[in-house]
4 protein chains.
Amino acid sequence: MKLLVDKKGRKHLVEGEKFQTDLGIVDLNSAADVAKSHLGHEFYVLNPKLIDIYEKMPRSGSFILKKDLGAILAYTGVGSGDVVVDAGTGSGALALFLANIVKPNGRVYTYEINEKFAEIARKNIEKAGLQEYIELKIKDIAEGIKEKNVDLVTLDLEEPWKVFAHAKNALKRGGFIAIYTPYIEHAKRTVEVLREESFKSIKTLELLERELEFREKGTRPRTRMLGHTAYITFARKY
Amino acid sequence: MKLLVDKKGRKHLVEGEKFQTDLGIVDLNSAADVAKSHLGHEFYVLNPKLIDIYEKMPRSGSFILKKDLGAILAYTGVGSGDVVVDAGTGSGALALFLANIVKPNGRVYTYEINEKFAEIARKNIEKAGLQEYIELKIKDIAEGIKEKNVDLVTLDLEEPWKVFAHAKNALKRGGFIAIYTPYIEHAKRTVEVLREESFKSIKTLELLERELEFREKGTRPRTRMLGHTAYITFARKY
Amino acid sequence: MKLLVDKKGRKHLVEGEKFQTDLGIVDLNSAADVAKSHLGHEFYVLNPKLIDIYEKMPRSGSFILKKDLGAILAYTGVGSGDVVVDAGTGSGALALFLANIVKPNGRVYTYEINEKFAEIARKNIEKAGLQEYIELKIKDIAEGIKEKNVDLVTLDLEEPWKVFAHAKNALKRGGFIAIYTPYIEHAKRTVEVLREESFKSIKTLELLERELEFREKGTRPRTRMLGHTAYITFARKY
Amino acid sequence: MKLLVDKKGRKHLVEGEKFQTDLGIVDLNSAADVAKSHLGHEFYVLNPKLIDIYEKMPRSGSFILKKDLGAILAYTGVGSGDVVVDAGTGSGALALFLANIVKPNGRVYTYEINEKFAEIARKNIEKAGLQEYIELKIKDIAEGIKEKNVDLVTLDLEEPWKVFAHAKNALKRGGFIAIYTPYIEHAKRTVEVLREESFKSIKTLELLERELEFREKGTRPRTRMLGHTAYITFARKY
């Protein structure tokens, strides 16, 4: 698989030897860094990184953005060798990032109840070449978590609190749970049930991302900004 | 090394068998999950995770916060096995997070010109047990980067643009550079020089973090908020 | 009354002819624009504007900040000649701004149940010279609003919804209600009861203010920022 | 002139006796609070307030939003009887708000160099019935300000610093200048020239507005948010 980037910065993930764009057909047989379409347009040819797979991946359900992904990575300090339980898988974006970090010795167990979502995720995982490190379970995580000694549980579910007791059993002491909830009422219930389950170090965050634009006329934050995705609640088992 | 957490949530990193706090002396010889001080106060006893080392680490120079750390991790997709060049090391916080992700097969080469900072960083790295994966160089990165085929270059320097040409040579195609600049003029110069050096996919971001508080009286964002740390500029070598 | 500003920008509201500061005693008898203390320090001598009274006013209860004051002024378009009902008065800050706008033909009726707060407000109103345009009522607004044909009702109360039916009766068609609530649950209940009472054009806002600093080292948003004051809900009677 | 609001909350400013909408023709001859179109759809019939004129006004050039309008009103404390100088007029939105506040004894002198903009503004001012209190000058304010004893100067210009010396002459002691600049470089230059001109109490702000949505599924900030309009710099003449 190759990443093609045209002169406007548009990216294409390409499997196979020939690729058709609105700028012409590109032949990928040559090993050159820059390919030319039959219409003379140039494309950078690169080996895709995880971030490229992520950006071009077919999506289902809610899709976690980088600002929120980053918060989960940084606030939990997830690292090489960690065992992670994740639900729901959705399109698999978070599972991919986590697997890319915990491999080769760690594992991500990701639960998805919706078979169509799971199928999309399975393809995304294979495209990223991470199937060895991710176990995709078509299963309701609210029925229980088999994994033990887990370092991190990540939840993006309608009713995440149904899973907190299971998560507590599955987690190592010192381990983290991270819960993604778009609505304030859900964040509130999340915190209440975490407190009931004696989770510690509970903290609910929201991240706002602004882009700074450098134009000839001057510098300024972008006019458009995403107003909200979700609150992320972190807690630990002591 | 153990992590002790008292009932108010205050954390202590403890080396050795006895630990004195304002709540009394704690004997860590027993393997119990909860220790009692000689004054009867209870402490959770845990194996520290990277995040605990990070939170308690001696600091020098500027210190990168989790919201910004997370952006670097998520926007570059840095993963297992990656080779990273980092400068300046400062207290080593970013190098630790990166090493914890790229190990066991990746490496972090971190440059620090200030010997005192380097010494603090060296101790932090050892405390985190990551010395095998981090090479700490007491050297001015503006004089050149020896490493090749680098996946990611991270810069937190007064004049980061002096390093961009070197970084471009060191980077793999598709690799990322991430530059941390507190001031807008520096972010602007950063973007201008990145453009001159033909870096692509240039984007400058700022992350704002809000905490949501759930009290008996009601739910609300915290009164205090950090107004600014830095802009982070990302770019790639195609 | 005079406004004295020292060279560091610190402001003092001064009644009488002599004023003692840590920079010496200032004699205000002369009509000069700049006064000198007996220690030789200079002070600007000015006629205070409303904003100076506001900034130096004794405070009680919650105190509305300029960002929120501004939202109330701009979203309701309150203007000359308008009749406004306000509760609770608190220190009177909002009533002062409103009176300064609606005078000479408009009126502000402000209700305060706490006698101590009312006394502080009374003094603030007199200091601002606006007593002719503000009627301060020591009364529970939840018991009813006598005023009719009101253009704007502003509420900063523990349980503002108890007043919505009264407010609707008091308001002119097209008139506005603005409700200040620090907690999300209160904003939610506010919106629910406004809907029940058939208020229209309901909108709940929050304003975040960032200051930009221009220093020799560079330009950047201030490190400290206020994370939250309150949500303001606006609605109209059609 | 009447304000018609349909059941979806869409507003129409209507002059004349009949009004055609996609919901049918409405006859405004009756004095009823609710009118019915010939297709049976109901409309609220109201006397428009300034805010309605503002929201429906033909626009030209940049258009100041309520969050920024509010900041100017609250940070300067502009009030009844004040004399204001404003440039450029643009569509007149800011001049309308200011006139609505300073009338009947105050005045707004608004300068616009672009005749087309001035013509649009003139119509907007008449529609709002504020022509008695606003003097619209088709003139380059950089050539000088005739007005004296001014309480407030508001500037939304490409190169506002060309006017600062004139503004200082025109302003009363204690008076305010407020400068609206979308770009950071312009805000910086603004602050530099204000310092050179010995303006005091200089402060540059940015306001971010978030809307809170209360839906059946839950409460959350709106997904879309305006990322940036402008920085507003305030300063005073001592």
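## Close-up views of a predicted four-chain model

**View 1. Helix α2 of chain C is a good place to start.** Eleven of the eleven residues of α2(C) are buried, so this helix is largely enclosed by the rest of the structure. Here a residue is buried if 20 or more other C-beta atoms lie within 10 Å of its own, exposed if 12 or fewer, and partly exposed in between, with C-beta atoms placed from the backbone. Among the buried residues of α2(C) are C:Lys66, C:Asp68, C:Gly70 and C:Tyr75. Just after α2(C) comes C:Gly77, with a positive phi near 60°. Helices (H or I, at least four residues) and strands (E, at least two) are DSSP runs, numbered from the N terminus.

A word on reading the views: residues are numbered from 1 along each chain as its sequence is written, while chains are lettered from A and ligands numbered from 1 in the order in which they are written. The model is predicted, so local features need pLDDT of at least 70 and side-chain atom pairs count only at pLDDT 80 or more, whereas totals for chains, interfaces and linings use all residues.

**View 2. Chain C meets chain D.** The contact takes 49 residues from chain C and 49 residues from chain D, where two residues are in contact if their C-beta atoms, placed from the backbone, lie within 7 Å. On the chain C side, β12(C) gives the most, with 13 residues. By type, that side divides into 24 nonpolar, twelve polar and 13 charged residues. In this count Ala, Val, Leu, Ile, Met, Phe, Trp, Tyr, Cys and Pro are nonpolar, Asp, Glu, Lys and Arg are charged, and the others, Gly among them, are polar. β12(C) and β12(D) run antiparallel and are joined by nine bridges; strands pair if DSSP finds at least two bridges between them. Look for C:Leu205, which stands opposite D:Glu211 in β12(D).

**View 3. An axis relates chains C and D.** A turn of 180° and a shift of 0.0 Å along the axis lay chain C on chain D with an RMSD of 0.0 Å, superposed by least squares on the C-alpha atoms of residues with pLDDT of at least 70 in both. The two copies are therefore related as by a two-fold rotation axis. In chain C, the C-alpha nearest the axis belongs to C:Gly70, 1.9 Å from it. Both copies use the same surface, as 100% of the contact residues of chain C recur in chain D.

**View 4. Chain A meets chain B.** Here 49 residues of chain A are in contact with 49 residues of chain B. β12(A) gives the most to the chain A side, with 13 residues. Nine bridges link β12(A) to the antiparallel strand β12(B), and A:Arg210 has B:Glu206 as its bridge partner.

**View 5. Helix α3 of chain A and the core.** Ten of the ten residues of α3(A) are buried, so α3(A) is largely enclosed by the rest of the structure. The largest nonpolar core has 280 residues, and those with the most contacts inside it are A:Leu96, B:Leu96, C:Leu96 and D:Leu96. Such a core is a set of buried Ala, Val, Leu, Ile, Met, Phe, Trp, Tyr and Cys residues joined through C-beta atoms within 7 Å.

**View 6. Two parallel strands in chain D.** β8(D) and β9(D) pair in the parallel sense over five bridges. D:Tyr111 has D:Lys137 as its bridge partner in β9(D).
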